[in-house]
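Student: I should like to work through the terms applied to this model and see how each follows from its definition. May we begin once the structure is displayed?

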Amino acid sequence: MHIAQLIRVHGVVQGIGFRPFIFRLAKRWELSGWVCNGESGVEIHVEGDASAIQTFIEEVTTHPPALARVTDLEIEDVAVQGLHDFRIRESKRNDRPTVHIPADQAVCSACLTELFHPANRRYLYPYINCTECGPRYTVIQRLPYDRPYTTMKSWPMCPACSAEYYEPTDRRFHAQPTACPECGPYYHMRWQGEEINGDGKVIEKTAQLLRAGRIVAIKGLGGYHLACDAENAQAVWTLRDRKRRRAKPFALMVKDVETARMLIKLSPEEEALLTSAARPIVLARSHRSLPGVAPDNTDCGVMLPYTPLHHLLFHFGAPPVLVMTSANRSGEPIIYKDEDAVEGLEGLVDAWLIGERPIARRVDDSVVRVSEFGSTVLRRARGYAPLPVTQLPGDRPILAVGSDLKNTVTLVVKGQAIVSQHVGDLTQYEAYAAFEQTIYDLLSMYDVPLADTIVAHDLHPDHRSAQFARGLENCEYVGIQHHRAHVASVLAERNALDKRVIGVAFDGTGFGDDGAIWGGELFVGSVAEGLERHGHLRYAVLPGGDAAARIPLQALAGFFVDVPELATDVGRRLALPERFFTTVKLVEKRLRTFPTTSVGRLFDAAAALLGFTESISFEGQAAIWLEHLARSVSLEKVYPFPWDEKELDYRPLLQALAEDRLNGRDAASIARSFHRSIAEGVFRSALALGEAHGIDTVVLSGGVFQNSLLLADLKELFTERAMHVWIGERVPPNDGGISLGQAALVAAT
């Protein structure tokens with residue numbers, strides 16, 4: 001029977017070769033009709049034998065292109081139009097777009113084969129790509145995803161590229177960023193006040209400079225990197241000095257998987273992440289130490305080449321292990337504009353490798369790690385953003401502006417929760433500017449007017465993100481408590497808004513319902529019914545407020561709030577710096593002190609007691625130091641960390657830790673006991689609340705649960721129990737997941 005059907009395909013179906021795939025599939029099954037990009041995905045009109053159409057539809061869902069993600073299909077019977085062939089039509093736009101914007105992907109194997117084949121016309125061309133790889137989000141300026149709406153619009157295709165682009169059987173059929181050496185764009189170099197042109201020449205020169213120990217700014221997909229030879233200690237320390245980055249680890253790019261295996265211990269899951277099309281930075285245990293790369297850290301962040309340019313650098317002899325860190329001044333977001341790179345990195349780099357293709361928006365490298373509970377994204381950016389994470393109830397748009405640290409933004413359009421790339425710390429001017437750009441960028445691409453939108457923000461009155469939200473005119477805004485958003489983010493990505501759980505949110509700082517600084521919270525409930533606080537870490541104080549987050553000694557003094565005499569005695573016997581004693585006096589007099597339940601600050605206090613007495617130079621440094629110290633020994637004993645049905649009392653834990661320190665017990669052994677004690681406190685309190693409320697699932701969220709040793713202990717403890725443990729997977733457990741949690745709480749209530 002001859003029929004006609006209209007099929008609407010939703011999901012990641014634009015910019016990844018989906019229309020050519022449909023064209024070829026229709027030809028195979030001798031169907032007529034057309035396919036085009038629409039606001040909500042891809043629309044297909046097919047006419048032909050009913051059984052052939054049924055088989056066609058089955059193949060669309062079961063064997064789509066590698067980068068496609070089909071979420072659902074709408075199929076309706078329509079009138080037969082008597083079409084005689086199958087065509088790809090121009091994109092149409094009549095309504096608000098809801099199509100999933102594709103993420104940037106690593107260069108594919110087919111393009112790499114062409115890149116290094118001397119007879120191929122794209123031989124050694126650094127912008128080679130096809131429908132299965134290359135830039136997407138970083139070149140799209142508006143929807144639908146067609147070449148005139150990308151940063152490639154300034155380069156008309158040459159006859160050869162145009163022929164490929166319009167040939168349905170070609171791999172570059174409708175590949176929007178397609179290019180070649182004939183039509184451009186190109187790379188050039190700034191070196192010693194001169195400009196050098198010629199792709200091969202400048203890439204070879206870059207490799208030569210890197211071998212010579214120089215520091216080079218290299219333009220990538222979503223911004224510039226600072227690169228140097230990671231095995232040249234002098235070059236690494238020079239980069240640290242120029243960037244004023246005292247201790248924060250550098251990410252590495254290695255030539256190939258074999259080189260990665262020489263640096264880090266790779267499990268099959270870690271290797272799969274490393275080689276995936278997203279090509280994230282994978283955090284894993286180090287095999288060897290590279291001086292200056294990751295001080296006081298037994299982990300290393302490694303990624304593989306993901307652009308043709310990266311592969312060409314290694315081809316031309318760049319060192320096999322490169323520091324490849326975001327190009328910026330310390331604390332600022334990644335630089336992505338050429339003029340900013342030239343001006344802003346003057347004196348920091350020796351040369352600039354500059355690509356002509358503009359970057360539509362800054363997108364940093366993603367960071368992932370594998371723990372006992374599976375893989376978790378710690379920084380969600382290139383390769384993952386801005387793909388939707390989940391589906392939320394309701395049709396009204398929601399804009400969730402996240403937190404001020406590790407900021408992300410979530411836009412909900414017709415139920416699709418689109419989480420932005422990592423933006424950063426909004427206390428920095430450039431990051432705040434990027435935050436505003438990201439918001440207006442998403443609103444513009446999805447054609448969402450603010451007047452139609454509910455805006456969710458953090459409760460903290462001084463957060464810049466919250467001030468931005470409350471300053472918007474003609475829209476409704478809602479404040480969401482920080483730690484409830486942490487728990488909600490995990491439930492949202494699992495599509496479990498009605499699931500009743502015990503939510504454990506441990507982090508450094510969050511504004512609480514009572515105005516205190518929370519960070520050690522236990523909730524009972526669900527996103528839909530609400531999350532009620534049923535427990536917390538016993539209140540300590542933060543002397544100096546935010547300063548205690550930067551100076552672990554001040555945090556330590558705040559946890560001795562009930563026993564100032566003990567604090568003074570411990571400080572004298574350990575010869576702690578004078579700042580500690582000054583802070584103890586502030587605590588005694590309750591001057592500039594603020595109540596807190598922060599487990600993040602408890603980790604800082606333990607680190608200070610065990611020897612980390614300097615100020616931190618990056619967020620989480622003291623806790624990371626403590627974790628890696630603890631990893632070096634086996635567990636010998638557990639300290640008391642009692643739960644009284646309301647509070648986790650840190651006082652016996654801290655006192656036992658101090659006694660062991662004073663009695664000369666090895667600092668690493670104490671650190672190991674501390675981690676296990678925290679894990680047992682979480683385990684006992686979650687188990688007790690679960691039994692009391694008939695709940696079988698615990699959610700762990702917040703920056704503290706980035707600690708892989710703590711997670712390993714929790715996995716061991718919960719293994720013998722009936723309780724399920726959920727952590728974030730596709731959005732970070734840190735504040736990078738807050739915006740999704742905010743959106744979920746608004747959508748559900």
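Student: Why is R590 called partly exposed?

Tutor: The model is predicted, so local features are reported only at pLDDT of at least 70 and side-chain atom pairs only at pLDDT 80 or more, while totals for chains, interfaces and linings use all residues. Residues are numbered from 1 along each chain as its sequence is written, and side-chain values use heavy atoms, with hydrogens and water left out. Buried means under 20% relative accessible area, exposed over 50%, and partly exposed in between, with a 1.4 Å probe and protein chains only. R590 has a relative accessible area of 47% and is therefore partly exposed.

Student: What makes R592 exposed?

Tutor: Its relative accessibility is 58%, so R592 counts as exposed. R592 is found in the loop between α17 and β27, and R590 lies in the loop between α17 (578-589) and β27 (593-596). Helices here are DSSP runs of H or I with at least four residues, strands are runs of E with at least two, and both are numbered from the N terminus.

Student: What is notable about phi in R590 and in R592?

Tutor: Phi of R590 is near 55°, a positive value in a residue other than glycine. R592 has a positive phi of about 50° and is not a glycine either.

Student: How do you know that Q706 is partly exposed, and which residues does Q706 contact?

Tutor: Q706 has 23% relative accessibility and so counts as partly exposed. Contact means heavy atoms within 4.5 Å. With neighbours within four places in sequence left aside, Q706 is in contact with R369, L378, P733 and N734. The C-alpha atoms of Q706 and S371 are separated by 8.9 Å, although these residues are 335 residues apart along the chain. Q706 itself lies in the loop between β29 (697-701) and α22.

Student: Why are α20 and α21 called roughly antiparallel?

Tutor: Axes are lines fitted to C-alpha atoms, for helices over the stretch in contact, and angles run from 0 to 180 degrees between N-to-C directions. Angles under 35 degrees count as roughly parallel, over 145 as roughly antiparallel, 65 to 115 as roughly perpendicular and the rest as oblique. The axes of α20 (residues 651-662) and α21 (residues 667-693) come within 10 Å and cross at roughly 170°. That makes α20 roughly antiparallel to α21.

Student: Which residues form that contact, and how do they divide by character?

Tutor: L653, L657, D660 and R661 of α20 meet A667, I670, F674, S677 and I678 of α21. The residues of this contact of α20 with α21 divide into six nonpolar, one polar and two charged. Here Ala, Val, Leu, Ile, Met, Phe, Trp, Tyr, Cys and Pro count as nonpolar, Asp, Glu, Lys and Arg as charged, and the others, Gly among them, as polar.

Student: How do you know which term describes α19 with α21, and which describes α21 with α22?

Tutor: The axes of α19 (residues 621-630) and α21 come within 7 Å and cross at roughly 105°. These two helices are therefore roughly perpendicular to each other. The axes of α21 and α22 (residues 708-719) come within 9 Å and cross at roughly 45°, and α21 and α22 are therefore oblique to each other. The contact of α21 with α22 comprises ten nonpolar, one polar and five charged residues.

Student: Why do β17 and β22 count as edge strands?

Tutor: Two strands pair if DSSP finds at least two bridges between them. Six strands form an open sheet of mixed pairing, in the order β17-β20-β19-β18-β21-β22. β17 (388-391) and β22 (476-480) each have a single partner strand, so one side of each is left without a neighbour in the sheet.

Student: What makes β21 and β22 a pair?

Tutor: Five bridges join β21 (residues 454-458) to β22, and the two strands run parallel. In β22, Y477 is the bridge partner of V455. Helix α23 (residues 738-748) packs on this sheet, and its direction makes about 145° with that of β18.
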